[in-house]
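Visitor: Could you take me through one part of this model up close? I'd like to see how two neighbouring helices sit together.

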Amino acid sequence: MLTTTRKALHSIWMKLNSNKNRIKTRDGSQLKAEPSPKKGQFTFGLRTVPEIKTTGYRLIWLVACSFLLVFILSNYNVKKGVYIQKLENKYYRLMVNGKPYIVKGVCYNPIPIGSNHEYDWWSDPNKPWIVDGKLMKQMGINTIRLYQTHENSNEVKQVIRDLYNLYGIRTLLGDWLGFWEYPCPFYGDKKFQDKVKKQVLEMVSLYKDEPGLLGWILGNENNYSCLGQVNPWSTPEVDLEPDPQKQKKMRAQIYYSFINDISKAVHKIDPDHPVGLGNGELIGLDSANQFCQDVDFVACIIYRGKTFGNLFRSLRMTFDKPILLAEFGADCYDAYLKKEDQNMQAFFLEQQWNQIYENLGDKKNGEGNCLGGTIFEWADEWWKHTQDSPDSWKEHDTGAGWSSGSYYFDIRAEKNMNMNEEWFGIVALSPELENGINKRIPRKAYYVLREFWKKPVIKKARNNKAK
Amino acid sequence: MKKLIIVMLALSLFVPAFAATEEKAAGPKEFMVYLDKNAKDNHFIPSGWMGDYGDIKMNDQAADKPHAGTSSIQFIYSAKKAQNQGWAGIYWQNPSNNWGNKKGGFDLTGMTKVTFWARGAKGGEILQKVMVGGIKGTYPDTVSVEMGPIELTADWKQYTINLVGKDLSYVNGGFGWTVTADLNPEGCTFYIDDIKYEADADLKPESKKQEDMPFYIYADRSTAKNHFIPSGWMGDYGDIKYDGSSKEDAYLGDTCIKIIYSGQGTQGARWAGIFWQNPANNWGNVDAGFDLSKTIKLTFWARGAKGGERIEEFKVGGIMGEFSDSDSATIGPVILNKEWTQYTIDLKGKDMSYIIGGFAWSTNVDNNPEGATFYLDEIKFE
């Protein structure tokens with residue numbers, strides 16, 4: 001802080017001395033500042049500043065100093081780092097180095113056509129993030145979300161640094177918390193817990209000092225394992241409980257207590273970045289309210305079509321933490337008409353961002369607990385529908401992997417299967433190469449959101465048709 | 001003087017023209033759906049017979065106490081489930097039998113309500129609902145409004161369907177009604193007369209009414225108190241048998257709901273369930289949620305045929321679509337007792353202002369390899 005002050009004063013002094021120390025007074029005459037090396041000196045340690053003898057000169061000097069003082073005072077209390085501010089009205093804001101920050105982000109996983117999730121894009125010599133980052137910046141994106149870091153920390157740092165230094169884009173780093181480990185994530189097992197915790201803390205130690213880092217997200221939809229819906233796990237104690245409802249509660253207690261434990265450990269190592277709890281919908285957050293108070297925000301994975309419904313209010317009631325929509329969006333393939341429909345995707349995304357903005361901390365009419373969102377996802381991934389068939393990774397599959405009535409335009413598709421995993425990108429991939437990577441073709445949603453972010457006008461959905 | 005004459009002459013030419021324009025802009029005040037048999041003002045035809053259409057008899061020149069004119073329409077519903085649907089109904093269409101496959105209908109912009117007169121032969125007959133619009137197809141209606149259930153009186157009574165603010169630019173399904181065997185187990189006879197659209201400039205838009213508690217989903221087989229229809233059959237729907245009139249040891253009243261889940265995996269899903277919806281089969285595509293903001297809980301009674309049957313989930317709300325439920329709440333898994341047991345879904349703090357999916361259950365073959373038979377009764381919001 002002191003160095004900053006010195007530099008500022010020096011800068012003013014240099015400006016005052018420029019133009020051969022001639023300063024125009026209010027009556028238009030010119031005065032020359034005559035610095036005296038001996039008499040009436042102000043010493044600021046850096047160099048000697050002369051006393052200003054003329055009234056006009058003194059006035060300007062005083063005004064400059066006042067401005068400087070205000071500047072110093074206003075910056076003196078600025079908290080560095082990334083943190084969440086709770087306002088007097090109980091609304092929340094994400095702050096980055098003292099300034100409010102709305103997360104306008106995307107989930108980022110640049111898998112080229114013909115490869116699958118095992119592809120090591122971090123070491124791609126063509127650096128896809130350079131091309132993507134440029135497009136992102138032009139759109140207004142300020143954040144990417146990475147689900148998991150790579151084993152080569154230098155490459156991870158390079159990505160974070162390139163995106164931040166070139167485009168000002170910050171990174172949210174995550175960890176799967178062993179969710180996909182075979183046969184299941186044993187969250188009730190101490191050894192498993194220790195292994196996962198160690199992995200997370202190593203990540204934090206490695207990247208906490210990266211200027212481009214925005215925060216941490218622990219897990220994704222791991223809470224579903226507590227319900228037995230995905231990757232179910234148990235413990236001998238849980239198995240002894242005959243009531244399946246109580247079993248769920250017991251698993252939730254174990255899981256959220258574990259996350260809380262990790263969160264506390266992360267804060268000890270890195271007090272400068274917030275920790276998010278990755279969570280599918282709001283399921284289980286009544287337990288989180290009891291056992292996981294040390295996380296800073298909820299990173300919610302949610303697919304509810306054009307509206308998040310009462311999500312923001314419901315979170316207030318169950319677990320009063322700010323929320324980042326960490327995974328949401330819409331695909332752009334009409335499974336009923338069997339053709340790409342960019343209007344449909346743009347419609348849903350615009351509606352969703354309307355609601356995100358409506359519930360930001362600086363908006364009066366919302367719940368004030370939203371920090372922003374990271375859209376799923378930046379670019380299409382051509383491997384997702386038929387994951388076991390490498391040949392299909394070269395094809396843009398039009399098969400749907402799941403069904404959701406919330407995306408109602410194509411819900412009349414066969415067996416109501418309307419969610420096309422390979423078509424969620426807001427940029428499409430072309431087989432044609434450009435700069436060594438698949439050419440990026442921004443979809444309509446890209447432009448619609450670009451305009452929305454430039455001038456966010458919140459409007460209620462009046463019609464339900466994509467135009 | 002000459003000038004005055006010219007002005008008067010000009011006014012005499014313009015004023016009638018202006019008045020005519022104004023009259024034209026105002027449009028007609030009424031538009032008949034049905035007035036009397038063969039009346040030239042009838043615009044729609046009662047041609048869209050639905051559900052157990054074999055259970056319906058129609059006499060469109062019933063001279064027995066018409067509300068006005070020379071006749072009314074008499075409907076006799078037998079509730080015999082001729083097509084095994086458990087419900088029946090009729091749409092007035094234009095042209096006849098138009099299920100949205102032909103361009104027809106009318107632009108009724110400017111109309112604000114539909115009124116009709118109805119009475120039951122005895123009183124107590126229940127129309128499950130009456131409808132305006134709602135026909136889909138290539139040429140879908142621009143409006144879909146429903147009202148009901150309606151318990152008829154023995155005397156003529158006028159009913160009004162508020163259409164203020166609705167898009168009436170294309171209406172093919174001018175009017176319709178449905179009845180169910182559950183609500184009229186012995187069948188019913190009722191009369192309808194003088195169905196018409198009206199332009200009532202003073203009518204205000206219908207505000208969503210907060211429903212009073214208790215608000216029943218199922219009280220008993222044939223009661224107008226029931227809301228929501230058990231129409232949303234999910235998963236292995238072929239594994240489910242539903243009896244809404246079971247007399248096997250009902251918890252309260254004459255009947256309860258009996259559900260048999262076979263666990264055979266007919267559709268290959270390995271699970272099954274039923275959503276109670278409003279209206280039937282509404283997966284969020286019809287704007288028809290109830291405002292249940294006054295509720296703090298949903299209670300119901302349940303028992304298993306043997307005890308030990310496992311229901312994975314009982315649920316309120318959670319239907320997501322163009323019009324989504326405002327919230328959801330669940331309990332489960334629940335292992336049923338052989339004796340009637342009351343269960344509660346806590347709704348405190350929930351946003352129940354818009355509910356299409358009133359109640360649901362689901363179970364699966366993994367936890368019920370031999371299937372499951374269970375009973376439900378007295379399902380209500382309190």
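Guide: Sure, let's start with who touches whom. On the H3(A) side, Trp129(A), Ile130(A), Gly133(A), Lys134(A), Met136(A) and Lys137(A) meet Val159(A), Asp162(A), Leu163(A), Leu166(A) and Tyr167(A) of H4(A); contact here means that the C-beta atoms, placed from the backbone, lie within 7 Å. Sorted by type, the residues of this contact come out as 7 nonpolar, 1 polar and 3 charged (Ala, Val, Leu, Ile, Met, Phe, Trp, Tyr, Cys and Pro count as nonpolar, Asp, Glu, Lys and Arg as charged, and the others, Gly among them, as polar).

A word on the source: this is a predicted model, where local features need pLDDT of at least 70, side-chain atom pairs count only at pLDDT 80 or more, and totals for chains, interfaces and linings use all residues. Residues are numbered from 1 along each chain as its sequence is written, while chains are lettered from A and ligands numbered from 1 in the order in which they are written.

Now the geometry. H3 covers residues 128–139 of chain A and H4 covers residues 153–167 of chain A; helices are DSSP runs (H or I, at least four residues), numbered from the N terminus. Their axes come within 10 Å and cross at roughly 40°, with each axis being a line fitted to C-alpha atoms over the stretch in contact, and angles running from 0 to 180 degrees between N-to-C directions. H3(A) and H4(A) are therefore oblique to each other (under 35 degrees is roughly parallel, over 145 roughly antiparallel, 65 to 115 roughly perpendicular, and the rest oblique). The crossing of H3(A) past H4(A) is right-handed, that is, the near helix is turned clockwise from the far one by less than a right angle.

For a look beyond this pair, 15 residues of chain A are in contact with 15 residues of chain B. H10(A) gives the most to chain A's side of that contact, with 3 residues.

Terms used
Helices (H or I, at least four residues) and strands (E, at least two) are DSSP runs, numbered from the N terminus. Two residues are in contact if their C-beta atoms, placed from the backbone, lie within 7 Å.
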